[in-house]
Amino acid sequence: MTGQTLPFNPSQDLVDRLAGPGADPGLIPLGHLAERLGIRILEATPDRVVGVMPVEGNEQPYGLLHGGASAALAESLGSIGAALHAGPGRYAVGVDLNATHHRPATSGHVTGVATAVFRGRTAATYEIAISDETGKRISSCRLTCMLRDA
């Protein structure tokens, strides 16, 4: 997996859970798609994950943020929360993603906040609110992940 420099200093436990024991504490694996979209993680716990993504480079032909980019941001954030909840020796796999797009974003960055709504032994569900730079919600998403043993 590839990593991305984070704008915060994550705990070693967070790094160990997401990147593996002994990994560089400045890196968390997000995968190639998240890197191409420019997703940056600002905060990450099993209960709440916050990330940002630029609109530029992620637009559809009409100059609006692509709905698929918003969905990828939502799944990235929810999956990180679910992986943290799953704990060492386990991993999370997205099995259901729902996204409702309320308004367009045309510039700047969008911020996604994934909040746990259910954290069980075999599944975790997160609600992800994506907002523009003025704080207006542009998308509401829900992600359910299956939690598996590695």
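These are my notebook entries on a predicted model of one protein chain.

**Entry 1: how far to trust it**

I began with the confidence values, since this is a predicted model. The mean pLDDT of the chain is 87, and 81% of its residues reach 70 or more. I then looked for a weak spot and found residues 1–9, where the pLDDT is below 50. That stretch still has 31 contacts in the model beyond near neighbours in sequence. I made a note to be careful with that part.

**Entry 2: the overall layout**

Next I listed the elements. I got 3 helices and 8 strands. Going along the sequence, I wrote down the pattern β-α-β-α-β-β-α-β-β-β-β. The chain has 150 residues, and 41% of them count as buried. I also checked how far apart in sequence the contacting residues are. Among contacts with a separation of 6 or more, 61% are between residues 24 or more positions apart.

**Entry 3: the sheet**

In what order do the strands of the open sheet lie? I traced β3-β4-β6-β7-β8-β5, six strands with antiparallel pairing. The edges are β3 (40–44) and β5 (90–101), and each of these pairs on one side only. I looked up the twist too: neighbouring strands are turned by 20° against each other on average, ignoring direction.

Then I looked at what sits against the sheet. Helix α3, residues 67–86, packs on it and touches β3, β4, β5, β6, β7 and β8. The direction of α3 makes about 40° with that of β8.

**Entry 4: strand by strand**

I started at the β3 edge. A hairpin of 3 residues joins β3 to β4, and the two strands pair antiparallel over 4 bridges. Here I found Ile 41 opposite Gly 51 of β4.

On to the next pair. β4 and β6 also run antiparallel, joined by 7 bridges. In this pair Arg 48 stands opposite Thr 115 of β6. How much of β4 is buried? I found that 6 of its 7 residues are, so I wrote "mostly covered" beside it.

Last, I took β7 (residues 123–131) and β8 (residues 137–149). They are antiparallel and share 9 bridges. One detail I kept is that Ala 124 has Cys 145 in β8 as its bridge partner.

**Entry 5: the nonpolar core**

I reminded myself that nonpolar side chains tend to be buried together in soluble globular proteins. Here the largest nonpolar core has 31 residues. The residues with the most contacts inside it are Ile 41, Met 53, Leu 65, Val 110, Ile 128 and Ile 130. I had already met Ile 41 across from Gly 51.

Which elements give two or more residues to this core? My list reads α2 (32–37), β3, β4, α3, β6, β7 and β8. The largest share comes from α3, with 9 residues.

**Entry 6: two residues of α3**

I picked Ser 79 in helix α3. A polar atom of its side chain lies 2.8 Å from the backbone oxygen of Glu 75. Leaving aside neighbours within four places in sequence, Ser 79 is in contact with Ala 92, Leu 143 and Cys 145. Cys 145 is also the residue that bridges to Ala 124.

Then I moved along α3 to His 85. Is His 85 buried or partly exposed? Its relative accessible area is 22%, which is not under the 20% cut-off for buried, so His 85 counts as partly exposed. A polar atom of the His 85 side chain lies 2.8 Å from the backbone oxygen of Gly 120. These two residues are 35 apart along the chain, and their C-alpha atoms are separated by 8.8 Å. Other contacts of His 85 include Pro 46, Arg 119, Tyr 126 and Leu 147.

**Entry 7: a threonine in β8**

My final stop was Thr 144 in strand β8. Why does Thr 144 count as buried? Its relative accessibility is 18%, and buried means under 20%, so Thr 144 falls within the cut-off. The Thr 144 side chain makes a polar contact with the side chain of Thr 125, at 3.0 Å. Not counting residues up to four places away, I found that Thr 144 touches Val 93, Gly 94, Val 95, Asp 96, Ala 124 and Thr 125. Ala 124 is on the contact list of His 85 too.

Key:
Residues numbered from 1 in each chain as written. Predicted model: local features only at pLDDT ≥ 70, side-chain atom pairs only at ≥ 80, totals over all residues. Heavy atoms only, no water. Pairing = 2+ DSSP bridges. Axes fitted to C-alpha atoms, helices over the stretch in contact; angles between N-to-C directions. Contact = heavy atoms within 4.5 Å. Core = buried A, V, L, I, M, F, W, Y, C linked by side-chain atoms within 4.5 Å. Buried < 20%, exposed > 50% of the residue type's maximum accessible area, 1.4 Å probe, protein only. Polar contact = N/O pair within 3.5 Å; in protein donor to acceptor, adjacent residues only side chain to side chain. pLDDT = per-residue confidence, 0-100.
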